[in-house]
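Subject: Structure handover and notes

Hello,

Please find the structure below, with my notes after it. Have a look at the coordinates before reading on.

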Amino acid sequence: MNYPANIEQKIGFDSIRQLIINECISMMGHRQIEKISCKYNYAEINTLLNQTEEFRQILLFDNYFPSQDYFDLTTVIDSIRIIGTFIEIQSLIELRLSVATILNCIKFLRPVDEEIKYPELNKLADNVHLNEIIIIAIERILDEKGIIKDDASDNLRKIRKDLKIKTANAEKKLNQTLSIAKKEGWTGEDVSVTIRNGRAVIPVSATNKRKIKGFVHDASATGQTYYIEPEEVFELNNDIRELENDERLEIVKILTEFTDFLRPFSYDLKNAYYFLAQMDGIRAKAKFAIKIEGIKPLLNNSATMEWYEAKHPLLYLSHKAQKKIIEPLNIKLDNQHRILIISGPNAGGKSVCLKTVGLLQYMLQCGLLVPMKHTSETGIFNNLFIDIGDEQSIENDLSTYSSHLLNMKTLAANATPETLFLIDEFGTGTEPQLGGAIAEAILEELNAKKAFGVVTTHYSNLKLMADSNNGIVNGAMLYDTGKMQPLYKLKIGKPGSSFAFEIAKNIGLQQHILDKAMQKSGKSHLDFEQQLQQLEVDKEEISRKQQELKVADEFLSEMIDKYRNLNEKLDNTKGIIVKKAKEDAKELINQTNRIIENAVRMIKESNADKDITREARESIQHFEERIEKHDYSLKKQKPKRDAGLKKEIDNSPIFIGDYVRIIGMQTVGEVEFIKNDKVLVLANSIRVTLPLNQLEKVSKKEALQKTKAPKSNTYGNVMKDISDKASKFNPSIDIRGKRADEAISLVKHLVDEAILLSVYELTILHGKGNGILRHVIREYLRGISEIKSFKDEHIERGGDGITLVSLK
């Protein structure tokens, strides 16, 4: 039982229904959505949810599902059941296309030699018993353009052949007569054959109308032109008309024969089109679910509710269009806390909470996916009762309060442990003390009947009921007393304040009026409410800070581990490095001794010959220079070709025509163009755009030396390096499962490469989890000046598990 009769309008489900209808392809799907109704059977609701969830998975992750040619031929199928009737050509075209769509849908759901992936949708095809024999029969008589084929029957082929011959003869004779008329001047040179009364005629001037023998079919409004059908083609045109009539009769005969063939398939076709209507309706529900981020939560076959991050779908779509964030709802109703009393300031979100509960529960029991967290648990209520808004009735002589009391009477009489009631501003509409007393008594009755419910109120006596009645719990809509604005967040466990004075002050009510009101109400009461509410706000802020500290602490722990490991690694390798340095020094000394001994031996053997002595001295001097330049080698090596070139760096600003190189590399290029912080450089006949802060200016002298010097094999060609990097560069990276420091290192390398190669879009897949890796990566990205922006991927392609990065 649902109460009142207009419950769908009360909670906004009529708007949800229309949005789903907008996603339909055909009127068949439209009618399916119009039939949606609230269900109470667990198996039926679960099946509907599974069907929509399976189609949601198809739309998000699977290949193309047939989504065109959803024609409804059910009325046509009903009309051809009578013997002697025939299907029209347009209907025949739509039949061919829609039957092909139905068969393709079944092939998608039942792939050959593959496991069935979508069992609930597959079950819907069990009653479809069609094969391609209907399409084959249609294609035998109908071509791709939707015209009956010439060979659909032998008689039609003969008729169209004769018709073609006679039409050609008539056109030939008509054109001959027209040519004679033009030559003789009976008609204008620009005149052509036209049609009057369905006959081909020649326009002739009034003075020459008797020059052409034939039949006048029409005349112009001025009487200056007559339209004549020459007698030479009159009989031919009559024959053509008879053949065209014979053609129509033959086509009717062909369509009648096809309809006789089709008639035995009427029952199967009706089932097939019902299946197509179901596919259209479920597809529309799945598309809408994707738009509102709807999912299939855990469904229990009992009256229960434990929702996390639930969102009002209409409010979510509205906020999304305005790029605003919606505050999700967390709510729990069970046997220990069946009735939730929400209090708080006006315009603080109490009614939105109430409507969110009502709308999502109704959507769920209609088999629609709902926007909430996957871990949410939902239940089924056999009675849904709503009392929201003003039901004042002049016709029935009912005031607002009287209509509310009638609603309460109905609720109290029909409430059961499977009832969910939602009451807005409970008890208002009459004298507060009496209205509050009646509301309290009604709530005690509903609690005694074990009914579930959510009510909103400002009455203190209702807030106090949670302390003395098992099954009732308070909830508060939080309000920031510092910023004087509502937070639209529900906190279960404590009652909320109405903040009447704060709101009145915020809107500018005169201060002397507020002062009098405070004196009348009692300052201690106001202070208590303010302190209670501020404690809840502070508690939320502390909880948020604790989460941030947890993330930072985990990151810091990882960094400490990293540096500890590095320190251990340095300690382990220090001895190796010292030993290697000693060995190198020993080898250097030995090599020095050998050179000196060799020089002494050469001088002795030559009896101190001047040339030999000079050569020995130069040998020692050359070795000394090699040591000073750190260019000596402990093993035999080929000298580096660039050894004689010295880098000369110019720190002055870079302009067009200057010579530059990438910092840390050797290749020099000439600046051709500068725009903002981007520089176009020509190096080794290759043009490349590089960031200005990655270049250093070199002197013209060094640039000329670099140009003349042979290319270094040691460093390679920097442009080739950049080209190789660009060909191998992947703008996407997967860092799932990485530690924070590892992930940052990988992202840093990716960003550096992107800046070097002028790549402006990057994709970082970090997963969702607890959001720690996402937080760390984004904190790192905020500190990079070259990053223009970053955001979540589209929900259909990964949502907040993927970060899209844009570079400047």
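The notes below go through a lysine, some backbone features, one helix, and the aromatic rings. Please keep in mind that this is a predicted model.

Lys350

Lys350 belongs to helix H13, which covers residues 350–365. Is Lys350 buried or exposed, and which side chain of opposite charge is nearest? Lys350 is buried and has no salt bridge. The nearest side chain of opposite charge is that of Glu425, 4.3 Å away. A salt bridge would need a side-chain nitrogen of Lys or Arg within 4 Å of a carboxyl oxygen, so at 4.3 Å Glu425 does not qualify. Glu425 is nevertheless in contact with Lys350. Leaving aside neighbours within four places in sequence, the other contacts of Lys350 are Ile342, Ser343, Gly344, Pro345, Thr456, His458 and Met477.

Backbone

The peptide bond between Tyr3 and Pro4 is cis, with omega at about 0°. Pro4 sits in the loop that runs from strand E1 (2–3) to helix H1 (7–11).

Positive phi values turn up at Glu293 and at Lys450, neither of which is a glycine. For Glu293, phi is near 60°. Glu293 is in the loop between helix H11 (266–291) and strand E6 (298–299), and its relative accessibility of 28% makes Glu293 partly exposed. For Lys450, phi is near 65°. Lys450 is placed in the loop between helix H15 (432–448) and strand E13 (452–456). Lys450 also counts as partly exposed, at 45% relative accessibility.

Helix H3

Helix H3 spans residues 27–34, and its buried residues are Met28, Gly29, His30, Gln32 and Ile33. What covers them? The cover includes helix H2 (13–21) and H11. At the start of H3, the backbone nitrogen of Met28 has a side-chain oxygen of Ser26 within 3.3 Å.

Aromatic rings

A pair of aromatic rings is described by the distance of the centres and the angle of the planes. The model has nine aromatic pairs. One of them is Phe108 with Tyr118, a stacked pair with 6.4 Å from centre to centre and 10° between the planes. Phe108 is part of helix H6 (residues 89–109), while Tyr118 is in the loop between H6 and helix H7 (119–124), so this pair ties together parts that are ten residues apart in sequence. Phe108 and Tyr118 are both buried.

Phe215 and Phe234 make a tilted pair, with centres 4.3 Å apart and 35° between the planes. Phe215 comes from strand E4 (residues 214–219) and Phe234 from helix H10 (residues 231–262), so the pair ties together parts that are 19 residues apart in sequence. Phe215 is partly exposed, with a relative accessible area of 40%. Phe234 counts as partly exposed too, at 21% relative accessibility. The cut-off for buried is under 20%, so Phe234 at 21% does not fall in that class.

Ring pairs also join Phe55, Phe65, Phe108 and Tyr118 into a cluster.

Charges over rings

Where do charged side chains lie over aromatic rings? Arg196 lies over the face of Tyr227, 4.2 Å from the ring centre. Lys209 has its charged end over the ring of Tyr226, at 4.4 Å from the centre.

Regards

Definitions and conventions
Residues are numbered from 1 along each chain as its sequence is written. This is a predicted model: local features need pLDDT of at least 70, side-chain atom pairs count only at pLDDT 80 or more; totals for chains, interfaces and linings use all residues. Side-chain values use heavy atoms; hydrogens and water are left out. Helices (H or I, at least four residues) and strands (E, at least two) are DSSP runs, numbered from the N terminus. Buried means under 20% relative accessible area, exposed over 50%, partly exposed in between (1.4 Å probe, protein chains only). Lys and Arg count as positive and Asp and Glu as negative; His and the chain ends are not counted. Contact means heavy atoms within 4.5 Å. A polar contact is a pair of N or O atoms within 3.5 Å; within protein, one must be able to donate a hydrogen and the other to accept it, and residues adjacent in sequence count only if both atoms are side-chain atoms. Rings of Phe, Tyr and Trp (its six-membered ring) pair if their centres lie within 6.5 Å; planes under 30 degrees apart count as stacked, over 60 as edge-to-face and the rest as tilted. A charge sits over a ring if NZ of Lys or CZ of Arg is within 6 Å of the ring centre and within 35 degrees of the ring normal.
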